[in-house]
Amino acid sequence: MRKPSDKKDRLERFVRDNREAFDSDEPSDELWARIEEQFGEAPKTSPTKRLHWWGKAYLDWRIAAGIVMALGMSYVYHLNNQYGVTRDPKVALAVPTYAREFNNYTLAIDEKRNELIRLTTDNPELYKEFSSDLDRLERNYQNLRSELPKAPNQEALIQAMIQNLQLQLDLLNQQLTILQRIKEADKSHEKDNSTII
């Protein structure tokens with residue numbers, strides 16, 4: 001014959017061993033309705049309603065977090081467009097007052113350089129000639145930029161960097177003007193040849 005304590009121990013052990021299985025399921029709304037009928041009164045709040053409210057609050061916080069994250073990313077995007085923080089972070093952080101000016105120059109230089117590449121696709125030798133002067137100026141700019149954090153007179157170095165960027169832009173403009181004149185001369189030469197024929 002078994003003792004009542006053995007039965008109790010086995011039941012406690014069974015519940016302890018299978019606790020996760022008991023906790024994974026929640027009672028259905030039908031069960032709560034039957035319990036309400038038996039006792040004649042409804043509990044003030046059921047666990048499912050509480051979970052539903054928390055689930056809704058959790059959803060609201062996720063939406064709010066998403067909105068805050070989207071606003072933060074758009075602000076970073078705006079800062080990057082204005083000051084070029086990701087384009088040249090050393091300069092933007094070292095001299096924030098000149099960051100916008102540096103960003104404007106680098107954007108203009110990139111635009112002109114892309115136009116130069118586009119116009120010289122049919123003549124790679126000409127592009128090599130043009131790019132050699134520009135590469136030399138770019139190397140000088142990189143040297144100045146590397147000296148910026150440890151320079152005793154940063155203002156003079158910044159002015160030299162700005163002057164270098166202006167020279168790069170002027171050189172690109174001159175090269176583009178030369179290319180346009182070459183293209184116009186080729187067109188007029190072709191036009192003259194076609195009228196002669």
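Which pattern does the protein chain follow, read along the sequence? I looked that up before anything else, keeping in mind that this is a predicted model. The answer I wrote down is α-α-α-α-α-α-α-α. The tally agrees: I have eight helices and zero strands for the protein chain.

**Whole chain.** Next I checked burial and found that 20% of the 197 residues are buried. For the outside, I noted about 15700 Å² exposed by the protein chain, with carbon and sulfur atoms supplying 56% of that area. Then I turned to contacts. Taking those with a separation of 6 or more, I got 57% between residues 24 or more positions apart.

**Gln-168.** I picked this residue and found it in helix α8, which covers residues 154-196. Is Gln-168 buried or exposed? Its relative accessible area is 1%, and buried means under 20%, so I put Gln-168 down as buried. What does Gln-168 touch, leaving out residues up to four places away in sequence? My list reads Ile-109, Arg-113, Leu-134, Leu-137, Glu-138 and Tyr-141.

**Leu-11.** Over to helix α1, residues 4-17, where I found Leu-11. The relative accessible area of Leu-11 is 56%, and the cut-off for exposed is over 50%, so Leu-11 goes in my notes as exposed. I also wanted to know which residues join Leu-11 in a nonpolar surface patch. They are Phe-14 and Val-15, and the patch made with Leu-11 comes to about 290 Å².

**Side by side.** My two picks ended up with opposite labels: Gln-168 in helix α8 is buried, while Leu-11 in helix α1 is exposed.

Note on methods. Residues numbered from 1 in each chain as written. Predicted model: local features only at pLDDT ≥ 70, side-chain atom pairs only at ≥ 80, totals over all residues. Heavy atoms only, no water. Helix = DSSP H or I, 4+ residues; strand = E, 2+ residues; numbered from the N terminus. Buried < 20%, exposed > 50% of the residue type's maximum accessible area, 1.4 Å probe, protein only. Contact = heavy atoms within 4.5 Å. Patch = residues over 30% accessible without salt bridge, like charges linked within 9 Å, V, L, I, M, F, W, Y side chains within 5 Å. Areas by Shrake-Rupley, 256 points an atom, 1.4 Å probe, with all protein chains shown as cover. Salt bridge = Lys/Arg side-chain N within 4 Å of Asp/Glu carboxyl O.
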